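Trainee: Got a minute to walk through a fold with me? I'd like to start with how the helices pack.

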Amino acid sequence: MPELPEVHTTATMLNELISGLTISDTWTDLGGKTHVGKDHIKDPKFFQKFRVQITGAKIKNVDRRGKNVLIHLDIGQTILVHMKMTGQLLYGRYKKSKVVSTQSKATWEAVSPVELKDPFSRFVHFVISFENGRHMVLSDMRKFAKITLLETATAHLSGHLADIGPEPLEESFDFKKFQTRLFTRPKGRIKQVLMEPAVVSGIGNIYSDEILWDSDVHPLSAVSKIPEKELRKIFASTKLLLKKGIDFGGDSMSDYRTPIGTKGSFQHHHQAYHKFGEKCAKKNCRGTISKLKAGGRTAHFCDTHQECYN
Ligand SMILES: [Zn+2]
């Protein structure tokens, strides 16, 4: 699942690629009866309205909040995309297949750049066509992504964004703020608490493993039992590793691709995540990377240098 560095990379690149472009049409095959009444494009009526509203609009700019990509339009509306598990937002030339019979459904295929032909990127379920002949598409194997339309001025108050915790990379996010947010879940295990969007936004399974390895704290430590000195290390590692993830263009160990279909490279810099059985790379540590299940997720950690506080 894309985490903050991946969503940040997508939003930053899309901002460069699609700002100023005019929308000529939009298409989806995600609609269905089971989604009637929902406030996103999987409800066929919502999509009809969405299509009318955004056609002819121009992209002002693209940014993000938490793991949500926000595409701001010049009509006071914002398209919100949450990529969820396997969503990718891609930009390039695509062609639509011809519908040959009533049974066959239209599909979209990448033309250029060639990187968009990646097998992980062939699940196109949503398309925005631009007047320049190019397209922004959502490829999403699992089809869990969410796309909706919000009033730009009040978007942050909507149910889609209102409960998201502070942005860890903002300068105003200092240690005091971090500590206060963590202590809203004093009995929680540190890995799970770090991954809660309402506590800190944008941290998932990969970065939480890496942050805790880097700060020498065991993932099952109880928040209230971790000494302040160690909490300060977790805080510093959070900023450091999220920035590092952005510098490497995100993590493409799994589905994630940048908007031009290329891979990020943070996966080549993992110290804990999916390193089960390998020797720990920490200086002077002779431990091995171990793993355990907690709260339905797998935590990877060093069995030696990561202290458990309980
Ligand atoms: Zn170690």
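Mentor: Sure. First, what an angle means here: axes are lines fitted to C-alpha atoms, for helices over the stretch in contact, and angles run from 0 to 180 degrees between N-to-C directions. Also keep in mind that this is a predicted model.

Trainee: OK. At what angle do helix 1 and helix 6 cross?

Mentor: Roughly 40°, with the axes coming within 8 Å. Helix 1 covers residues 4-18 and helix 6 covers residues 228-247. Angles under 35 degrees would count as roughly parallel and 65 to 115 as roughly perpendicular, so this pair is oblique.

Trainee: Which residues make the contact?

Mentor: From helix 1 you have Leu4, Pro5, His8 and Thr9, and from helix 6 Leu242, Gly245 and Ile246. By class that's 4 nonpolar, 3 polar and no charged residues.

Trainee: Does helix 1 touch anything else? I mean, which strands does helix 1 lie across?

Mentor: Strand 2 and strand 3, and helix 1 runs at about 175° to strand 2.

Trainee: Switching to the sheet, then. What's the strand order?

Mentor: The order is 2-3-4-9, an open sheet with antiparallel pairing. Strand 2 and strand 9 are the edges, each pairing on one side only. The twist averages 20° from one strand to the next.

Trainee: And how many bridges join strand 4 and strand 9?

Mentor: There are 6. Glutamine 77 sits opposite glutamate 151 of strand 9.

Trainee: Last one: what about the hairpin of strand 10 and strand 11?

Mentor: Those two pair antiparallel over 6 bridges, with alanine 294 partnered by arginine 297. There are 2 residues between the strands, and glycine 295 takes a positive phi near 55°.

Conventions. Residues are numbered from 1 along each chain as its sequence is written. This is a predicted model: local features need pLDDT of at least 70, side-chain atom pairs count only at pLDDT 80 or more; totals for chains, interfaces and linings use all residues. Two strands pair if DSSP finds at least two bridges between them. Helices (H or I, at least four residues) and strands (E, at least two) are DSSP runs, numbered from the N terminus. Angles under 35 degrees count as roughly parallel, over 145 as roughly antiparallel, 65 to 115 as roughly perpendicular and the rest as oblique. Two residues are in contact if their C-beta atoms, placed from the backbone, lie within 7 Å. Ala, Val, Leu, Ile, Met, Phe, Trp, Tyr, Cys and Pro count as nonpolar, Asp, Glu, Lys and Arg as charged, and the others, Gly among them, as polar.
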